[in-house]
Amino acid sequence: MNKSYFLNRLVLVVFFVAATFVVNAQSDKSNRKSPPAKISAKINGVSLTIDYSQPSKKGRTIWGGLIKYGNVWRTGANEATTFNISADIKIKGKVLKAGKYGLFTIPGKEEWTIIFNNVPDQWGSGGYDESKDELRVTTKASYGNPVVEKFTIDVDSKGNIIMKWDDAVVSFKIS
């Protein structure tokens with residue numbers, strides 16, 4: 001066997017081993033700067049799961065700075081936040097059918113638009129298409145609250161979805 005054949009094979013093996021490590025490292029989302037989070041709840045017999053990533057404030061100006069007022073936001077970091085429900089629900093009197101949605105928001109100084117988009121699995125908001133919205137509702141925003149370092153979504157026992165980050169708190173109720 002000649003040296004060049006052996007060397008080519010060795011380089012190929014090293015390349016494939018290195019590629020495997022890179023692919024595995026990229027699939028481990030827990031090592032991201034904005035780690036994944038999941039909230040699951042059962043509200044009035046409906047199973048709800050929200051998958052999102054938690055960006056941190058890190059001393060930055062969030063509202064009107066990093067996140068511009070009036071622009072569509074993926075409601076977290078990395079992939080778009082997903083909102084999955086097992087049965088039809090109502091939000092502000094409007095029906096949202098059972099299924100999995102991309103959860104987007106448009107932050108404002110006084111109110112936010114909450115968007116449920118029919119394309120749940122997408123990166124960020126760069127591919128967001130308004131024509132694919134299933135439902136939009138608006139809700140009041142509250143600023144000047146105690147600062148929350150990591151973006152957080154919670155669900156309470158009454159069906160309120162509560163989003164907190166920096167000094168903002170925004171919520172909407174599902175029924």
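The following exchange goes through a predicted model and asks what its labels rest on.

Reader: What does the secondary structure of the protein come to?

Author: The protein has one helix and 11 strands. Along the sequence the helix comes at the start of the pattern, α-β-β-β-β-β-β-β-β-β-β-β. Of the 175 residues, 39% are buried. About 9,900 Å² is exposed, and carbon and sulfur atoms supply 54% of that area. Of the contacts between residues at least 6 apart in sequence, 54% join residues at least 24 apart.

Reader: What makes β1 and β2 a pair of strands?

Author: At least two bridges are needed for strands to pair. Strand β1 (residues 36-43) and β2 are joined by eight bridges in the antiparallel sense, so the condition is met. Within this pairing alanine 37 stands opposite tyrosine 52. The hairpin has two residues between the strands, and asparagine 44 takes a positive phi near 50°.

Reader: How do you know that β9 and β10 pair?

Author: The same test applies, at least two bridges. Strand β9 (residues 148-155) and strand β10 (residues 160-166) have five, again antiparallel, and therefore they count as paired. Valine 148 faces aspartate 166 of β10. Four residues lie between the strands of this hairpin, where glycine 159 has a positive phi near 90°.

Reader: Why is threonine 61 called exposed?

Author: Exposed means over 50% relative accessible area. Threonine 61 has 57%, so the label holds. The residue is found in the loop between β2 and β3. Its C-alpha atom is separated by 8.4 Å from that of aspartate 166, although the two are 105 residues apart along the chain.

Reader: Why do threonine 81 and threonine 113 count as buried?

Author: The cut-off for buried is under 20%. Threonine 81, in strand β3, has 0% relative accessibility, so it is buried. Threonine 113, in strand β7 (residues 111-117), has 16% and therefore is buried as well.

Reader: What is threonine 81 in contact with, leaving aside neighbours within four places in sequence?

Author: Its contacts include Ile50, Asp51 and Tyr52, as well as Tyr101, Gly102, Leu103 and Ile153. Arg74, Thr75 and Gly76 are also on the list. A polar atom of the threonine 81 side chain lies 2.5 Å from the backbone oxygen of threonine 75. With the same neighbours set aside, threonine 113 is in contact with Phe104, Thr105, Ile106, Arg136, Val137 and Thr138.

Reader: What makes the pair of tryptophan 73 and tryptophan 112 edge-to-face?

Author: Among the 14 aromatic pairs of the structure, this one has its centres 6.2 Å apart and its planes at 85°. Rings pair if their centres lie within 6.5 Å, and planes over 60 degrees apart count as edge-to-face. Both conditions are met, so the label follows. Tryptophan 73 is in the loop between β2 and β3 and tryptophan 112 is in strand β7, 39 residues apart.

Reader: Why is the pair of tryptophan 73 and tryptophan 165 called stacked?

Author: The centres are 5.9 Å apart and the planes make an angle of 10°. Stacked requires under 30 degrees, so this pair is stacked. The pair links the loop between β2 and β3 with strand β10, across 92 residues. Tryptophan 73 has a relative accessible area of 6% and tryptophan 165 has 2%; each is under 20% and therefore buried. Tryptophan 112 is buried too. These three tryptophans belong to one aromatic cluster with Tyr52, Trp63 and Phe151.

Reader: Which residues touch the most other members of the largest nonpolar core?

Author: They are Phe83, Ile91, Leu96, Ile114, Phe116, Phe172 and Ile174, in a core of 34 residues. Strand β2 (residues 46-53) gives the most to this core, with four residues. A second, separate core has five residues, including Ala80, Phe104, Ile115 and Tyr128.

Reader: What does isoleucine 114 touch, not counting residues up to four places away in sequence?

Author: Among the residues touched by isoleucine 114 are Leu103, Phe104, Leu135, Val137, Met163, Val170 and Phe172. Thr105, Arg136 and Thr139 are touched as well.

Conventions. Residues are numbered from 1 along each chain as its sequence is written. This is a predicted model: local features need pLDDT of at least 70, side-chain atom pairs count only at pLDDT 80 or more; totals for chains, interfaces and linings use all residues. Side-chain values use heavy atoms; hydrogens and water are left out. A nonpolar core is a set of buried Ala, Val, Leu, Ile, Met, Phe, Trp, Tyr and Cys residues joined through side-chain atoms within 4.5 Å. Buried means under 20% relative accessible area, exposed over 50%, partly exposed in between (1.4 Å probe, protein chains only). Contact means heavy atoms within 4.5 Å. Accessible areas come from the Shrake-Rupley method with a 1.4 Å probe; for residues, only the protein chains shown count as cover. A polar contact is a pair of N or O atoms within 3.5 Å; within protein, one must be able to donate a hydrogen and the other to accept it, and residues adjacent in sequence count only if both atoms are side-chain atoms. Rings of Phe, Tyr and Trp (its six-membered ring) pair if their centres lie within 6.5 Å; planes under 30 degrees apart count as stacked, over 60 as edge-to-face and the rest as tilted.
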